[in-house]
Amino acid sequence: MKNVEEMTLEEAIKQLEKTVDKLENNELSLDKSILIFEEGVKLVAHSRKLLDDYTSKITILKKENGIIKEVESDYE
């Protein structure tokens, strides 16, 4: 598996779905479940960071005086 910090958002979400499936399966030992849960927490944190980064880069096209102007998003 790729290092979590190197994953794209899509890769992290896909891996997180697999992680949730493993935990829902209820066939793991407690120790293995905790390790997989920790992996899931890292994936969620990484995904959140990527989403925050993407949000800060979003631009909005704004029409002013008949001219379309690109302005930075103020979403945070």
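Of the 76 residues in the chain, 20% are buried. The model is a predicted one, and its mean pLDDT is 84, with 74% of the residues reaching 70 or more. Confidence varies along the chain: among its elements, helix 1 (residues 9–24) has the highest mean pLDDT, at 95, and strand 1 (residues 59–64) the lowest, at 54.

The chain contains two helices and two strands. Read along the sequence, these elements follow the pattern α-α-β-β. Among the contacts in the chain with a separation of 6 or more, 41% are accounted for by residues 24 or more positions apart.

Helix 2 spans residues 30–57. This helix has 28 residues, and the distance from its first C-alpha to its last is 41 Å, close to the 40 Å expected at 1.5 Å a residue. Several positions of helix 2 are buried, namely S33, I36, E39, G40, L43, H46, S47 and L50. Helix 1 is included in what covers these buried residues of helix 2.

The segment before helix 1 also approaches helix 2, as the surroundings of V4 illustrate. V4 is placed in that segment. The relative accessibility of V4 is 8%, and V4 therefore counts as buried, since the cut-off for a buried residue is under 20% relative accessible area. When its neighbours within four places in sequence are left aside, V4 is in contact with K42, L43 and H46. Of these partners, L43 and H46 are listed among the buried residues of helix 2. V4 and E39 are 35 residues apart along the chain, yet their C-alpha atoms are separated by 8.6 Å.

E39 itself lies in helix 2. Although E39 is buried, it has no salt bridge. The nearest side chain of opposite charge is that of K22, and it is 5.3 Å away; a salt bridge would require a side-chain nitrogen of Lys or Arg within 4 Å of a carboxyl oxygen of Asp or Glu, so the K22 side chain does not qualify. The side chain of E39 is instead joined to that of T19 by a polar contact of 3.4 Å.

Side chains of opposite charge can pair when their charged atoms come close. The count of salt bridges in the model comes to two. One of them is formed by the side chains of D52 and R48, with an N to O distance of 3.1 Å. The other links D53 with K49, whose closest N and O atoms are 2.9 Å apart.

The two pairs share an arrangement in the helix. D52 and R48 are four residues apart in helix 2, and they are therefore separated by about one helical turn. D53 and K49 likewise both lie in helix 2 at a spacing of four residues, about one turn of the helix. An α-helix has 3.6 residues a turn, so residues three or four places apart point the same way.

The accessibility of the paired residues was also computed. D52 has a relative accessibility of 37% and so counts as partly exposed. D53, at 29% relative accessibility, is likewise partly exposed, and K49 falls in this class with a relative accessible area of 48%. By contrast, E39 of helix 2 is buried and has no salt bridge.

Definitions and conventions: Residues numbered from 1 in each chain as written. Predicted model: local features only at pLDDT ≥ 70, side-chain atom pairs only at ≥ 80, totals over all residues. Heavy atoms only, no water. Buried < 20%, exposed > 50% of the residue type's maximum accessible area, 1.4 Å probe, protein only. pLDDT = per-residue confidence, 0-100. Expected span 1.5 Å × (residues − 1). Contact = heavy atoms within 4.5 Å. Lys, Arg positive; Asp, Glu negative; His and termini not counted. Polar contact = N/O pair within 3.5 Å; in protein donor to acceptor, adjacent residues only side chain to side chain.
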